[in-house]
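Student: Could you pick one part of this structure and take a close look at it with me? I'd love to see how it fits into the rest.

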Amino acid sequence: MGSVIRIVLQRLALGLLTLLIVSAVIFGAVNLLPGDFAQAVLGQSATPEAVAAIRTQLGLDQSLPVRYAQWLWDAARGDLGVSFAQANFASFTGRVDPSATVLAQIAPRFANTMFLAGVTAAIAVPLAVGLGILAALWRDTAFDKGANIATLSSISSPEFFVAYILILLFAVVNPVLPSLSNIFPGMSFGERLEKTLLPALTLTLVVTAHMMRMTRAAILNLMAQPYIEMARLKGMRPLRVILRHALPNALAPIVNVVALNLAYLVTGVVVVEVVFVYPGIGQLFVDSVKLRDIPVVQACCLIFAAAYILLNLTADILSILSNPRLRHLK
Amino acid sequence: MSIWLWIIAALAAIATLAWVGLWAARRLSGNAPRFRDMSYGVAFGYALALAAIAGGVWLWMKPGAVYFRWAVMGFAICAVAAFVFRLAGRHLGPERLKRQFRKMPLTAAFGILVIILYAVVAIFAAWIAPHGQEAVLGAANVVPGGDPAMGGDPAFPLGTDRIGRDILSRLIYGAQNTVGLAFATTLLAFFLGGALGLLAAVVGGWLDQVLSRGVDVLMAIPSLIFALLLLTIASVWADGARGLMTLYMVLIIAVIDSTRVFRLARSVGIGIVVMDYVEAAKLRGEGMGHLVFREILPNAMAPLLAEFGLRFCFVFLTIASLSFLGVGIQPPLADWGTMVRDLAQFINFAAFAPMVALAPLLPALAIAVLTVGVNFVVDWMLHRSSGLKS
């Protein structure tokens, strides 16, 4: 058991190191900007006060490593800085709003995005694994071939195509679900779920296809093994062979695939949130990109990268835990 | 809630149908081996397929289900076109080409047909399109379909957009801009990633270490997120110059995607470097250029070509997504992602005039059909080169 903990700790340390380097990349990329950073970002119409405020806030008179260390230290304590748009606004009104920090903007939206991802995962994971098992069971039948074409098509379609088709079918032609996800605090869970359902279904369609194909491949990989043949020769039913003998051994790759696809959700969520005007972190990210609001862009980027690294790490650790051969290293 | 009741009732009906059908088939056929040995699961599958077909026919008959009829017709047309194309390929042209077509699945034939069609449209866009891509033609918001009673105009079969540009012409020019830029980006990513990957494989040592660790770091950031971050910075650099923004976007996506190409090129290259013929070439005293381009590259071509197709799909979807978000290909260039975003609100009028929904869906469909086609071809190529049969 001790070796497991050591491996897990090793992976965690590696993940933290990756996150540290990624944060340096994100910070360094922004500092590629030429000349007077604050003036360039705010444009010619910015008031001198706003430019000065941002310059002191970013500490542009200090050297790059010092600034990076400061930024990282602040971010670790939850202080992600002040959004440029808000700082610019405050310089006009002369009033500093306590809710102008990046953290205050991100926190509620982060919760919304997690809700969307959670609903998606709750629908997609059982569906994908179930369909993957069925496709492996009925391989080379019409069902398998149809599923192959359908999943390949849904993987290759852009998210907004799937989203608009769902809007057309379920919100416009047969109005059963709302096409805009205007979520606000104080909503009941059922209401929230109803507004989240259409974006969640869009993401489900995209993610399920991937997971299902990989589940099928993971199970089929094992079907040539001697113990599967043995089970079949014993006269076991095909479904039982898959559930009792193939599935436990295919668990490691399947768990890996599930975690990787949840990591893919991180990217997919951006486009889907924009289509449905879902008040999540992806929507904020795209808006900030257009406004050149660099502190918010940096913070969102860091959060997305952290989620991505964390999920990949989870996939890694779970696949170690589910494989006895990796658990007891010789 | 009643929806769930309906689903449960339908499943129960199908289960009963399977049981009754199996029993009846055994009785009627005098317990023929085919039905005697059929398990209940298989019978249930048949019953499910029957129910799906019945449901499809019922939907087809329903007067309101226009989109379903269109989808089925579109699917049938695609299948027939692919079949005719494969038939033509089997009987026309030189013997080598005919042999390629003989074992080709229908999906791959469809993919090749799509790629040829898109290439023709992209190259000859200026001759095919009835109007220029930036021409403002007066009548704005003309409804697709060309039916004057519904607010259409026969001169604009797919209608016009908010400021009066012909949607059909912009769709055709979109093939040139969107597909062309995606193709150029993929080529760039391949030159960069492929060259560095093979170099890392041949030279090894610290160069390999530095490049590989650098790529590891870049790959730890989700590509769309990283692209959005870099585009923010690029937009400050470009400072409003739209042509420059499009150029920066191409460069950024090429660099981000070249990391994935690097991984593959390196791993393929490392497998080849240890071969005897490479060793022999080294002992002959051949230079680095000869080693990479004459010994390794020809042998790494098959996996790299398949990767090129997949990479193109990724790049194409990324560019389309970025354009859809409003930070990719910049107007006034006609581009499919931007068109979807600009025309999206038309979809709300689909309940009154079904044709209207076509305006935003056609550019999205154009993106989807090309990626599906390329994926079908790559699937077939991988299947063929790996010799997998099951």
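**A helix crossing in chain A**

Tutor: Happily! Let's start where α6(A) and α9(A) cross, in a right-handed way (clockwise turn of the near helix from the far one by less than a right angle; anticlockwise would be left-handed). This is a predicted model, in which local features need pLDDT of at least 70 and side-chain atom pairs count only at pLDDT 80 or more, while totals for chains, interfaces and linings use all residues. Residues are numbered from 1 along each chain as its sequence is written, and chains are lettered from A and ligands numbered from 1 in the order in which they are written.

Helix α6 of chain A spans residues 102-137 and helix α9 of chain A spans residues 189-222; their axes come within 6 Å and cross at roughly 35° (lines fitted to C-alpha atoms over the stretch in contact, with angles from 0 to 180 degrees between N-to-C directions). The contact of α6(A) with α9(A) has 21 nonpolar, six polar and one charged residues (Asp, Glu, Lys and Arg are charged; Ala, Val, Leu, Ile, Met, Phe, Trp, Tyr, Cys and Pro are nonpolar; the others, Gly among them, are polar).

Now step back to the whole of chain A, which has 14 helices and zero strands (DSSP runs numbered from the N terminus: H or I of at least four residues, E of at least two). Of its 330 residues, 40% count as buried (20 or more other C-beta atoms within 10 Å; 12 or fewer is exposed, in between is partly exposed, with C-beta atoms placed from the backbone). Among contacts in chain A with a separation of 6 or more, 73% join residues 24 or more positions apart (C-beta atoms, placed from the backbone, within 7 Å). An unreviewed UniProt entry places "domain: ABC transmembrane type-1" at residues 110-315 of chain A (in the numbering used here, with a shortened name, and possibly inferred rather than shown by experiment). That span is 83% helix and 0% strand, and its end C-alpha atoms lie 22 Å apart.

Chain B has a crossing to look at too: α8(B) passes α9(B) in a left-handed way. Residues of this contact include B:Leu196 and B:Ala200 of α8(B), and B:Leu207 and B:Leu211 of α9(B). By class they divide into five nonpolar, two polar and one charged. The axes of these two helices of chain B come within 7 Å and cross at roughly 145°.

Finally, the two chains meet: 46 residues from chain A and 46 residues from chain B take part in the contact. On the side of chain B that touches chain A, α15(B) gives the most, with eleven residues. That side has 34 nonpolar, eleven polar and one charged residues.
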